[in-house]
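Hi everyone, thanks for making the time today. I'd like to walk you through one model, so have a look at it first and then we'll go through it together.

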Amino acid sequence: MPDHVSIVPFAVLTGAVVLGAVAMMLSRNVVHAAFWLLEVMMAVAGLFMLLSAGFLALVQVMVYAGAVSVLMLFTVMLTLRRREDAERPLDLSAASFGLAFAFGLAAATAIGSLPGARVRMPAHAPGVAEFGALLFSRWALPLEIASVVLLIALVGAVWWTGGEDR
Amino acid sequence: MSPLLQALLRTLAAVALLLVNGVVLILMLRKVLARLHLRLGPTRVGPWGVLQTVADVFKLLTKEDFRPSGADKWLFRLAPVLVFVPSFMAYLPLALSDTWRFSDLDTGVLFVLAAGSLVPIGILMAGWGSNAKWSLLGGLRAAGQQIAYEIPLMLSVLGPVMFAGSLNVAAIVNAQRGVWLGVIPRWFVLPQLVGFVIFAIAGQAETSQTPFDMSEAESELITGFANEYSGMRFGFMFLAEFSNMFVVSALGVTLFFGGWLVPWADRNPLALALGPAVFMLKTYLGIAVMMWVRGTLPRVRVDQLLAFSWKTLIPVSLAWTVLSALVMRAVNL
């Protein structure tokens, strides 16, 4: 595996991620914002693909783009009583820009203070078979714990919303 | 040949297959449905009506591209693209034979499923962008339905994947060589019969075919999400639907019916050379069965459809996955 990825696809994909995120924040229509979020998720999948993490990219597409954002869109479209309700107020005052700037500064300082994580790339990109073998041997217990936590969350959500017979 | 040019040519080959499939499948649907309704179907344009679809393509291409004044301009324009592109992406991992393939992905089956999971996004976009009640209802129905039936579809795929020990479509087909007990072809449909039935039901729902076509429902939603579209934008949505049918059938043939293998002759060089034709024949047989079901069964209600998936199909497919994993370990197939 080379130590660098080629610059052109990287620039296109990171540009898509950053611009998509900005467009999501700036669009007044919540449905448009949800579609921009979807674009960001797809571009992140592209970045995974660029790093030879094919399995991760496909899971990103399937879970985040195919399920999470579809559910988000579904909920937004189902709960809007009128079409005009999709327009949200956008605060462009100096105070909000100041707050955003302060947050950006804090995040940049926090990331800058971390020790430089210079990871050496492996000799070859592990395939999906190696990934699966490792996931179900060395990381089997954490995987099971995570799945049980998710299952509990699922059952809890159903119980929470369950009608009169609860 | 440079890898970029090679990739471009392979992609173009996939586009060509998709377009040819679209033209052939539309005529096939009309003829099969006509047969089931005791009609003749198209007969006038060309012998046996074979040129009818070609004439229809020209009609779609020359029609006015109409946009309702209240529609959301960009979403309305973008939606047909987002419906069409995933259905095209799903072609890329398919393999017509050991050598006839568009790509060699170790995650092939997962790639097809991931592409399929993107289909509801374009439909939701079309439903919202059209700014019409029928369209939005159709879009929401399609999204709810596809999310519900994606889960049993993925679980039913797990059985053959476990048997073959790979997500690569060619590896799955090659694991189905040989015979059981001397006579029965080693196709995964036999040990995975329950899985195949789940796959067939979920596939019929994922491609929005009757009895699960509530998102289009001509008689109540007047084609739902595609209602406001005209010309080639409508054509793309239509084409995507037919290409999804082909993908589901091809995936079923790969996973359960030995792909391009001819039973009892799966090492014969002549049979292997005919692989692509065998694969297409099996896939079209699968599509014919899907059309037969479409022409026979009445449409169910949307609440029945969702309840059937969440309360019956998903528990059954979960139990079946666990059972087949345990049996596979015990018998060591």
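Let me begin with one term: when I say helix, I mean a DSSP run of H or I with at least four residues, and helices are numbered from the N terminus. With that in hand, B:W48 is in the loop that runs between α1 and α2 of chain B. And please keep in mind throughout that this is a predicted model.

Let's stay with that loop for a moment. B:W48 is not a glycine, yet its phi is positive, at about 60°. Is B:W48 buried or exposed? Its relative accessibility is 57%, and the cut-off for exposed is over 50%, so B:W48 counts as exposed. The loop between α1 and α2 of chain B also holds B:L38. Phi of B:L38 is near 60°, again a positive value in a residue other than glycine. B:L38 counts as exposed because its relative accessibility is 79%.

Now for the interface. How many residues does each chain bring to the contact? Chain B gives 24 residues and chain A gives 23 residues. Between them, the two chains bury about 2100 Å², with 83% of that coming from carbon and sulfur atoms. On the chain B side, the residues that lose the most area to chain A are B:I121, B:W128 and B:L140, which together make up 29% of what that side buries. Which helices of chain B each supply at least two residues to the side that touches chain A? They are α4 (108-116), α5 (119-129) and α6 (133-164). Sorted by class, that side of chain B has 17 nonpolar, 5 polar and 2 charged residues.

For those of you who like to count interactions, there are 0 salt bridges between chain B and chain A. As for polar contacts between the two chains, the count is 1 residue pair, with both residues at pLDDT 80 or more.

Next, two glutamines inside chain B. B:Q145 sits in helix α6 of chain B, and at 1% relative accessibility it counts as buried. What does its side chain find there? A polar atom of the B:Q145 side chain lies 2.9 Å from the backbone oxygen of B:A205. These two residues are 60 apart along the chain, and their C-alpha atoms are separated by 7.4 Å.

B:Q146 is in helix α6 of chain B too, and it counts as buried because its relative accessibility is 2%. Here a polar atom of the side chain lies 3.2 Å from the backbone oxygen of B:E206. Leaving out neighbours within four places in sequence, the contacts of B:Q146 are B:G116, B:V119, B:P120, B:I123, B:E206 and B:S208.

Last stop, helix α12 of chain B, residues 275-296. Why do we say its length agrees with what we expect? At 1.5 Å a residue, its 22 residues should span 32 Å, and the end C-alpha atoms are indeed 32 Å apart. Several of its residues are buried, among them B:F279, B:Y284, B:I287 and B:M291, and also the charged-class names B:K282 and B:R294. What covers these buried residues? The cover includes α1 (3-36), α8 (193-206), α10 (231-256) and α11 (269-273) of chain B.

That's my tour, and I'm happy to go back to any part of it.

Methods: Residues numbered from 1 in each chain as written. Chains lettered and ligands numbered in written order. Predicted model: local features only at pLDDT ≥ 70, side-chain atom pairs only at ≥ 80, totals over all residues. Heavy atoms only, no water. Contact = heavy atoms within 4.5 Å. Buried area = accessible area lost by both parts, 1.4 Å probe. Salt bridge = Lys/Arg side-chain N within 4 Å of Asp/Glu carboxyl O. Polar contact = N/O pair within 3.5 Å; in protein donor to acceptor, adjacent residues only side chain to side chain. Buried < 20%, exposed > 50% of the residue type's maximum accessible area, 1.4 Å probe, protein only. Expected span 1.5 Å × (residues − 1).
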